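Thanks for coming. I will talk through one model today, so please have a look at it before I start.

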Amino acid sequence: MAKLIVGCGYLGSRVARLWREAGEQVCVLTRSAGKASKLASEGFSAVVLDTNDLRDAAANLFPSAGFSTVLYSVG
């Protein structure tokens with residue numbers, strides 16, 4: 001099952017890389033298009049989203065992921 005990180009600043013980005021290195025599928029939500037582009041270039045499923053409106057967002061953006069873990073790391 002995949003892992004979802006909401007907010008990929010310092011902490012979220014570090015955890016995302018650690019999980020990926022451990023062989024996990026990692027999806028990320030971030031407010032910054034630049035950050036999403038950088039994370040996508042590193043192999044993450046990255047989506048730009050206003051993290052103030054998360055109702056059903058993860059399920060709609062990653063419908064087949066079936067997240068086992070969610071890290072909410074929004075400052």
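Let me begin with Gly-66, which sits in the loop between helix 3, residues 57–61, and strand 4, residues 69–72. Keep in mind that the model is predicted. Is Gly-66 buried, exposed or partly exposed? Gly-66 has a relative accessible area of 31%, so it counts as partly exposed. Leaving aside residues up to four places away in sequence, Gly-66 touches Met-1 and Ala-2. Ala-2 is 64 residues away from Gly-66 along the chain, yet their C-alpha atoms are separated by 6.2 Å.

Next, the sheet. It is open, has 4 strands in the order 3-2-1-4, and the pairing is parallel. Strand 3, residues 45–48, and strand 4 are at the edges with a single partner strand each, so each has one side without a neighbour in the sheet. From one strand to the next, the twist averages 15 degrees. Which strand does strand 4 join? Strand 4 runs parallel to strand 1, and 4 bridges join the two. In this pair, Lys-3 is opposite Thr-69 of strand 4.

Now the helices on the sheet. Helix 1 touches strand 1, strand 2 and strand 4, and its direction makes about 165 degrees with that of strand 1. Helix 2, residues 33–41, lies across strand 2 and strand 3. The angle between helix 2 and strand 3 is about 170 degrees.

Let me stay with helix 1, residues 10–21. Helix 1 has 12 residues and reaches 17 Å from its first C-alpha to its last, close to the expected 16 Å. Which residues of helix 1 are buried? They are Gly-12, Ser-13, Val-15, Ala-16 and Trp-19. Why do these residues line one face of the helix? Seen down the axis of helix 1, the buried residues fall within an arc of 165 degrees, so they line one face. As background, an α-helix has 3.6 residues a turn, so residues three or four places apart point the same way.

What do the buried residues of helix 1 pack against? They pack against strand 1, residues 3–6, strand 2, residues 26–30, helix 2 and strand 4. On the other side of helix 1, the exposed residues are Tyr-10, Leu-18 and Glu-21. After helix 1 comes Gly-23, which has a positive phi, near 90 degrees.

To come back to the start: the loop residue Gly-66 is in contact with Met-1 and Ala-2, and strand 4, at the end of that loop, pairs with strand 1. That is where I will stop.

How values were computed: Residues are numbered from 1 along each chain as its sequence is written. This is a predicted model: local features need pLDDT of at least 70, side-chain atom pairs count only at pLDDT 80 or more; totals for chains, interfaces and linings use all residues. Side-chain values use heavy atoms; hydrogens and water are left out. Buried means under 20% relative accessible area, exposed over 50%, partly exposed in between (1.4 Å probe, protein chains only). Contact means heavy atoms within 4.5 Å. The expected span of a helix is 1.5 Å times one less than its number of residues. The arc is that of the directions from the helix axis to the C-beta atoms. Two strands pair if DSSP finds at least two bridges between them. Axes are lines fitted to C-alpha atoms, for helices over the stretch in contact, and angles run from 0 to 180 degrees between N-to-C directions.
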